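Biologist: Could you walk me through reading the helices here? I would like to start with one helix and then move on to a pair.

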Amino acid sequence: MTLEIVVVPCRTDNYAFLCREPESGRIAVVDAPEAAPILAAADSRGWRIDQILLTHHHLDHVEGVAEIRAATGARVVGAAADAHRLPPLDLEVEDGSHVSVGNESGAIVDAPGHTVGHIAYIFVDARAAFTGDSLMALGCGRVFEGTFPMMHETMSKFLELPEDMLVYSGHEYTEGNARFALAIDPGNADLERRAEEIRASRVAGEPTVPSLLGTEFRTNPFLRCHVPGLKSALGMESASDADVFEAIRRRKDRF
C-alpha cells in the first residue's frame, strides 16, 4: 500500500481517516467529524495535516473542519456542486478530476443518493476507496436527498472496482447492517461467517472499517441486487436490479 492510513474514531459512531504518503510525508484527512481526536491522532505521530478531503456536507462529516484548518493551515477539498453548503473550499472537484496526497493520486467519483453532491475518493494504486456515507460496510447510506435509482447507480460504480480494494466508510454501523443482511439473505454462508467476525470485533472494541470490497461483493445486499438467489429470497425473481435495490433500501429503512 502506498498510503499509510489510520482509522480515527470520532463522535459516537463516525470515522475519519488520516492518510500519509510516505515518500513526500504529505498528510490528508478524509472527513472531519470532530477536530480533537483527529488532531490528537496526527500529533501523536508527528504528522501535520495538509489537506482535508470532504465526501459530503452533513455536519457529522464537516464539523471539525474550521478547527483543523485553524490549527494546521490545511487546504479543504470538496465537491464543486456542493460548495455552497460545505465549509469554504480551497479546491473544488468534480467527477473525473483528481486529488493528490503527495505522490499518490485519487480519482473523484460522483456518488449521489445519500446527498446529491456526495463524492468518493478512489486511490486505485493504494487500493483505498473513501466512500463516506454512500457504500458502507455491509450497507449503504440512507437515501436522504437523492433518489433510489441514483443510489443504485452509485452502488453499480463500486461494483466495477477491484476486489482487493479496501472500503473506508464513514460510520460504525456494521453490526446492525449485518442483522438486516441476515434477515433478507438467508443461507449466505459468507454472510454468516462475516456476521460472526463482526460480532467478535465489536466485543473486542475493534472497528469493522475498513472492509474488503470483495467481501462486500459477497455479503452486502446493496451490491447483490443482481444475484438470482437474493432476488428469489425477496420474491422478486423477474424484477430489475434497480427495483430490487429500492425494495431492499426501503426494508432497511423500516428494519
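Modeller: Happily! This is a predicted model. In helix α1 (residues 35–44), the buried residues are Ala35, Ile38, Leu39, Ala41 and Ala42. They span an arc of only 160 degrees around the axis, so they lie on the same side of α1.

Biologist: Which exposed residues does the face of α1 turned away from its buried side carry?

Modeller: That face carries Ala36, Asp43 and Ser44. The buried residues of α1, for their part, pack against β1 (4–10), β2 (14–21), β3 (26–30) and α3 (65–72). Just after α1 comes Gly46, with a positive phi of about 70 degrees.

Biologist: And how do I read two packed helices?

Modeller: Two packed helices are described by the angle between their axes and by the distance between those axes. Here, α4 (residues 148–158) and α9 (residues 241–254) pack at about 105 degrees, with axes 9 Å apart. Angles of 65 to 115 degrees count as roughly perpendicular, and α4 and α9 are therefore roughly perpendicular to each other.

Biologist: Which residues in α4 and α9 meet?

Modeller: From α4 come Phe148, Met151, His152 and Met155; they meet Asp241, Ala242, Phe245, Glu246, Arg249 and Arg250 in α9. The residues of this contact comprise 5 nonpolar, 1 polar and 4 charged.

Biologist: Which residues of α9 are buried?

Modeller: Those are Val244, Phe245, Ile248, Arg249 and Lys252. Their arc around the axis is only 130 degrees, which puts them on the same side of α9. Their cover includes β12 (139–140), α4, α5 (174–184) and α8 (228–233).

How values were computed. Residues are numbered from 1 along each chain as its sequence is written. This is a predicted model: local features need pLDDT of at least 70, side-chain atom pairs count only at pLDDT 80 or more; totals for chains, interfaces and linings use all residues. Side-chain values use heavy atoms; hydrogens and water are left out. Axes are lines fitted to C-alpha atoms, for helices over the stretch in contact, and angles run from 0 to 180 degrees between N-to-C directions. Helices (H or I, at least four residues) and strands (E, at least two) are DSSP runs, numbered from the N terminus. Angles under 35 degrees count as roughly parallel, over 145 as roughly antiparallel, 65 to 115 as roughly perpendicular and the rest as oblique. Contact means heavy atoms within 4.5 Å. Ala, Val, Leu, Ile, Met, Phe, Trp, Tyr, Cys and Pro count as nonpolar, Asp, Glu, Lys and Arg as charged, and the others, Gly among them, as polar. Buried means under 20% relative accessible area, exposed over 50%, partly exposed in between (1.4 Å probe, protein chains only). The arc is that of the directions from the helix axis to the C-beta atoms.
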